[in-house]
Amino acid sequence: MASELDPPKSPTQRHKCPACYKQFKRKLHLIEHMKIAYHSVHQPRCGVCQKHCKSFESVREHVCGPLAKSNCSKIFGDRGCNLCLKVFDSLHALNEHKQKCCLTAPVPLGTKIIPCIESHVLMSRSVMDEKHNKVQRAVAMDCEMVGGGSDGSINLCARVCLVDEDENLILHTYIQPQIPVTDYRYELTGLTEDHLRDAMPLIELQDKIMKILCNGESVGRIPLDGGKARLLVGHGIQHDLDCLRMKYPGHMQRDTAKYRPLMKTNLLSHSLKHLTKTYLGYDIQSGIHDPYEDCISVMRLYKRMCGQEHQVERFGDKKANIGFDSTRSSELDKMTPEELYEISVSDYKCWCLDLRKDCSPGS
């Protein structure tokens, strides 16, 4: 009889993350999860269920991996783009999109022994404004290395290439090595002693590159908002700068090897070859590495990431984007999961912000 009088037990309340859909028994556990997940409107997400993921690789596993969600996998298989992972309303819309999304591989420059190629298009900001009604804010750079030292393990920059956002060649030249070359790494570079015999001195190249990047700003005094200086795009760009013995502010660099959405699920870097095939749809570096080909590919990756359509954050709302550190624990406990998501901020800067008029590229 006593058991008949006992009220029925209510099911245990679960606290669900509105971004990744994980569930927790206690509200405190949800709050702690939100603090370390850094969910935001900028995270890659499934085009079907809108689940947030740390990287596009995670989204790919979610929709077409061996443990993919059945509903998301079916819809994505019917109307999803394998490159950008967007999902479309119809097969017709998908087919139209694929014609633009899958790009053609650039024609390599090859390894002909040619003098320095230098374009003066970017040397004048006013010229760009007049001709194209815009200012080129990004430049892609790639270097090819030969080996120095007794075992050829010291990386020496032997060839450099720069292109602008419209894939115009700005600068291409061979570089005089600072120490004797002991390994030309011909299978990868296609370079020989003849290519470097009358090459440009490193100090002259450094000056040319800095003039292009700084664009009138004082070297070493580029403001936090970037000013007139240009963003430097590359893959492993800091390594290239080190080999060139140059410095450029970190907030003005855009590195596809370190950009969170393009990294592996374990936060290690993918190769540029892999990223190009996966997100642009063509092969590079099948034989000799061509810096022009790599420059074009890394610029295309950057522009594709910039073009991500994300919900505009409400910068005017004091509750939005204030972060968990600025909110008391007692207040967090009273918030709904949706309100917790609203104050959550990303732990990296999304490149889509480079195109926003109210957000300077360098900030």
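**View 1. Tryptophan 351 and its aromatic neighbours.** Tryptophan 351 is buried, with a relative accessible area of 4%. Here, buried means under 20% relative accessible area, exposed means over 50%, and partly exposed is anything in between, all with a 1.4 Å probe and protein chains only. What you're looking at is a predicted model, where local features need pLDDT of at least 70 and side-chain atom pairs count only at pLDDT 80 or more, while totals for chains, interfaces and linings use all residues. Residues are numbered from 1 along each chain as its sequence is written, and side-chain values use heavy atoms, with hydrogens and water left out.

The structure holds 4 aromatic pairs. In one of them, the ring centres of tyrosine 259 and tryptophan 351 are 3.8 Å apart and the planes are at 10°, so this pair is stacked. Tyrosine 259 sits in the loop between β9 (253-255) and α11 (272-279), and tryptophan 351 in the segment after α14 (337-343), so the pair ties together parts that are 92 residues apart in sequence. For rings of Phe, Tyr and Trp (its six-membered ring), a pair needs centres within 6.5 Å; planes under 30 degrees apart count as stacked, over 60 as edge-to-face and the rest as tilted. Tyrosine 259 is buried too, at a relative accessible area of 6%. Zoom out a little, and Tyr259, Tyr302, Tyr348 and Trp351 turn out to form one aromatic cluster.

**View 2. Strand β4, wrapped up on both faces.** Strand β4 covers residues 138-148, and 11 of its 11 residues are buried, so it is largely enclosed by the rest of the structure. Strands (E, at least two residues) and helices (H or I, at least four) are DSSP runs, numbered from the N terminus. Ala138, Ala140, Asp142, Glu144, Val146 and Gly148 are on one side of β4, Val139, Met141, Cys143, Met145 and Gly147 are on the other, and all of them are buried.

**View 3. The strands that pair with β4.** Two strands pair if DSSP finds at least two bridges between them. β4 and strand β5 (residues 154-164) do this in the antiparallel sense over 10 bridges; in β5, arginine 159 is the bridge partner of glutamate 144. These two strands form a hairpin with 5 residues between them, and glycine 149 in the turn has a positive phi of about 85°. Strand β8 (residues 231-234) runs parallel to β4, joined by 3 bridges, with valine 233 standing opposite alanine 140. Then there's strand β7 (residues 181-183), which pairs with β4 in the antiparallel sense over 2 bridges. Look for valine 181 in β7 opposite glycine 148.

**View 4. Aspartate 290 and what it touches.** Aspartate 290 lies in the loop between α11 and α12 (291-306) and is buried, with a relative accessible area of 4%. A polar atom of its side chain lies 3.0 Å from the backbone nitrogen of leucine 109, and one lies 3.1 Å from the backbone nitrogen of glutamate 293. Leaving out residues up to four places away in sequence, aspartate 290 touches Pro108, Leu109, Gly110, Glu144 and Arg159 (contact means heavy atoms within 4.5 Å). Glutamate 144 and arginine 159 are the bridge partners from the β4 and β5 pairing.

**View 5. Charges sitting over rings.** A charge sits over a ring if NZ of Lys or CZ of Arg is within 6 Å of the ring centre and within 35 degrees of the ring normal. The charged end of lysine 16 does this with tyrosine 21, 5.1 Å from the ring centre. Arginine 60 lies over the face of tyrosine 279, at 5.5 Å from the ring centre.

**View 6. Two buried loop residues, serine 40 and threonine 327.** Serine 40 belongs to the loop between α2 (27-37) and α3 (56-64), and counts as buried at 2% relative accessibility. Not counting residues up to four places away in sequence, serine 40 touches Arg45, His52, Tyr341, Ser344, Val345 and Ser346. Threonine 327 is in the loop between α12 and α13 (329-334), and is buried at 9% relative accessibility. Its C-alpha atom is 9.0 Å from that of isoleucine 343, 16 residues apart along the chain.

**View 7. Stepping back to the whole chain.** The protein chain has 14 helices and 9 strands. Of its 363 residues, 45% count as buried. Among contacts with a separation of 6 or more, 58% are between residues 24 or more positions apart.

Note on methods:
Polar contact = N/O pair within 3.5 Å; in protein donor to acceptor, adjacent residues only side chain to side chain.
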